[in-house]
Amino acid sequence: MRKYFVLFAICILITAQVSAQWSKEERERIGKLSKEDHQLMMHLLGITEIRPGPSGDPKAPNAANSDESKATKYASLPNPLTFDGGDPVTTAEQWEKRKLEIFEAFDREMYGRVPENVPAVTWEIQTVKDTLEGAYPVRVKELTGHVDNSGYPAIIVDIQMTLTTPRDLDSPVPVILEFGWNFPMRFRRNQPEGPTWKEQVLEKGWAYAILVPTSIQADNGAGLREGIIGLVNKGKPRKLDDWGALRAWAWGASRAMDYFETNPEIDETRVVIEGLSRYGKAAIVALAYEQRIAIGCIGSSGAGGAKLLRRIFGEQVENLAGSGEYHWFAPNFIKYAGPLTEQDLPVDAHELVALCAPRPIFISVGAPDVEGQWIDAKGMFLAGVHAGPVYELLGKKGLGVSAFPHQETALIDGEIAFRQHEGGHTVGPNWPTFLKYAERYFLK
Ligand code: GCU
């Protein structure tokens with residue numbers, strides 16, 4: 001119970017920090033518009049009602065399940081290595097075709113489609129500053145990615161990114177691209193002692209970049225007629241298979257890749273995408289869809305990220321489909337909270353992991369007694385397990401085990417990696433392990 005409450009409190013804290021930027025009136029306006037847009041999408045889907053999600057509050061009568069014996073209602077998962085028509089996938093060539101079917105299902109039913117006519121982005125360096133990050137001399141570039149809005153000048157989209165490189169470089173370096181929060185996190189609980197992740201990255205001589213997702217697309221339903229999604233739709237509501245915020249944020253990561261390709265300081269073949277929580281979801285979506293990204297570090301991504309949606313444990317499809325989170329997905333996804341259920345989804349999270357193959361993916365999560373159970377550590381681990389056969393078909397290694405490991409066991413010998421650290425809702429304590437794993441691929 002206490003564990004659950006801790007995560008519940010963390011989520012409230014994150015939500016509170018996110019919304020602290022706004023006045024009470026603004027929060028009410030966003031809530032109201034999000035509900036209205038959500039209702040409109042339900043109307044277009046022909047749905048009048050959806051099931052409410054379980055609560056993150058353990059005291060609530062409808063508290064989310066945290067009892068492992070009740071988690072597994074499903075008898076089987078969709079098989080990534082079976083074509084929709086039933087034929088088995090037995091070669092790497094066949095997998096390339098099968099991948100298209102899986103992408104299509106995720107596009108149509110879950111994350112939505114990126115429109116074909118998304119306007120171009122022009123990157124501009126706003127400022128360059130030589131400074132120190134801890135003891136490390138660095139060069140910090142503030143960048144803006146201006147999206148061409150000549151097709152609909154009423155909406156302006158300026159993508160914000162900060163790139164920090166070691167100051168004296170003699171060859172192009174790897175970069176960790178993080179989906180980051182654009183306000184200081186006051187919540188620093190359970191951050192490990194010792195060097196920060198940025199210092200650990202600089203210690204290796206690598207660079208890092210912080211991309212601000214909300215400069216691409218707002219993190220609420222009210223903003224769907226603005227941002228990159230609204231710009232392409234010329235301020236109109238979404239179609240049922242239109243992209244949601246997760247794919248919009250991932251699209252932003254692809255534009256960051258375009259920029260890295262033009263910057264001689266960066267080795268665009270050695271880019272890690274990293275994010276936590278909702279941005280962990282964005283990170284795995286970016287890794288799956290953007291083949292130029294080399295490695296993913298997927299932090300506590302939970303439902304809508306690396307967690308199997310068929311598991312009845314922690315956050316559920318009904319939560320994701322509600323008016324507070326549906327904007328992360330295509331409107332079509334709402335229907336899985338009524339009349340359909342998670343069992344009707346044509347795909348599940350192990351297939352999202354499989355779409356990242358053969359590239360390395362590190363699935364990170366915190367300790368249940370600190371982070372809570374909402375994220376469902378085992379559900380993410382199992383998605384890694386069930387993606388294993390696809391990696392193996394491509395000559396790579398999966399997790400190597402199928403039993404859930406003890407906390408702090410680093411499963412990093414294969415391309416699919418997993419580690420549950422001792423801390424809370426952060427990637428923090430996993431950075432040394434992740435960087436050791438990434439180094440295996442990046443050291444030349
Ligand atoms: C909520 C939400 C999660 C999400 C988290 C976060 O808890 O239910 O899906 O990952 O917020 O982003 O902090």
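Which side chain has an N or O atom 2.8 Å from an oxygen atom of the ligand? In this predicted model, the side chain of Ser277 is one that answers this description, with an N or O atom at 2.8 Å from a ligand oxygen. The side chain of Lys281 likewise places an N or O atom 2.8 Å from an oxygen atom of the ligand, and a polar side-chain atom of Glu325 lies 2.8 Å from a ligand oxygen. Taken alone, the ligand would expose 310 Å², and 95% of that area is buried by the protein. The shell around the ligand is made of ten residues, of which Ser277, Arg278, Lys281, Glu315 and Glu325 are the closest. Two helices, H1 (2-19) and H7 (278-289), each contribute at least two residues to this shell.

Attention then turns to strand E8, which spans residues 361-365 and is mostly covered, five of its five residues being buried. The cover extends to both faces of the strand, since Ile361, Ile363 and Val365 on one side are buried, as are Phe362 and Ser364 on the other. On the side of its pairing with strand E7 (residues 295-299), E8 runs parallel to its partner and is joined to E7 by four bridges, and within this pairing Gly296 stands opposite Ile361. Strand E8 also pairs in the parallel sense with strand E9 (residues 416-420), here over five bridges, with Ile363 of E8 standing opposite Phe418 of E9.

Contacts between charged side chains form a further part of the picture. Side chains of opposite charge can pair when their charged atoms come close. The structure contains 31 salt bridges, and one of them joins the side chains of Arg225 and Asp37, with a distance of 2.8 Å from N to O. Because Arg225 lies in the loop between strand E5 (207-211) and helix H5 (227-232), whereas Asp37 belongs to helix H2 (residues 24-45), this pair ties together parts that are 188 residues apart in sequence. The two partners are covered to unlike degrees: Arg225 counts as partly exposed because its relative accessibility is 33%, while Asp37, at 3% relative accessibility, counts as buried.

Another salt bridge links Lys70 with Asp67, their closest N and O atoms being 3.8 Å apart. In this pair Lys70 counts as exposed, at 54% relative accessibility, and Asp67 is partly exposed, with a relative accessible area of 29%. A salt bridge is also found between Arg113 and Glu104, where the closest N and O atoms are 2.9 Å apart. Arg113 is partly exposed, with a relative accessible area of 26%, and Glu104 is partly exposed as well, with a value of 30%. Both residues belong to a network of salt bridges that links Glu104, Arg108, Glu109, Arg113, Asp241 and Lys335.

The cysteines, finally, were examined for covalent links, and a search of the whole structure finds zero disulfides. A disulfide would require two cysteine sulfur atoms within 2.5 Å, whereas the sulfur of Cys297 is 13 Å from the closest cysteine sulfur, that of Cys356, and is therefore too far away for a bond. Cys297 is buried, with a relative accessible area of 0%, and Cys356 is buried too, also with a relative accessible area of 0%.

Methods: Residues are numbered from 1 along each chain as its sequence is written. This is a predicted model: local features need pLDDT of at least 70, side-chain atom pairs count only at pLDDT 80 or more; totals for chains, interfaces and linings use all residues. Side-chain values use heavy atoms; hydrogens and water are left out. Buried means under 20% relative accessible area, exposed over 50%, partly exposed in between (1.4 Å probe, protein chains only). Two strands pair if DSSP finds at least two bridges between them. A salt bridge is a side-chain nitrogen of Lys or Arg within 4 Å of a carboxyl oxygen of Asp or Glu. A residue is near a molecule or strand if one of its heavy atoms lies within 4 Å of it. A polar contact is a pair of N or O atoms within 3.5 Å; within protein, one must be able to donate a hydrogen and the other to accept it, and residues adjacent in sequence count only if both atoms are side-chain atoms. Accessible areas come from the Shrake-Rupley method with a 1.4 Å probe; for residues, only the protein chains shown count as cover.
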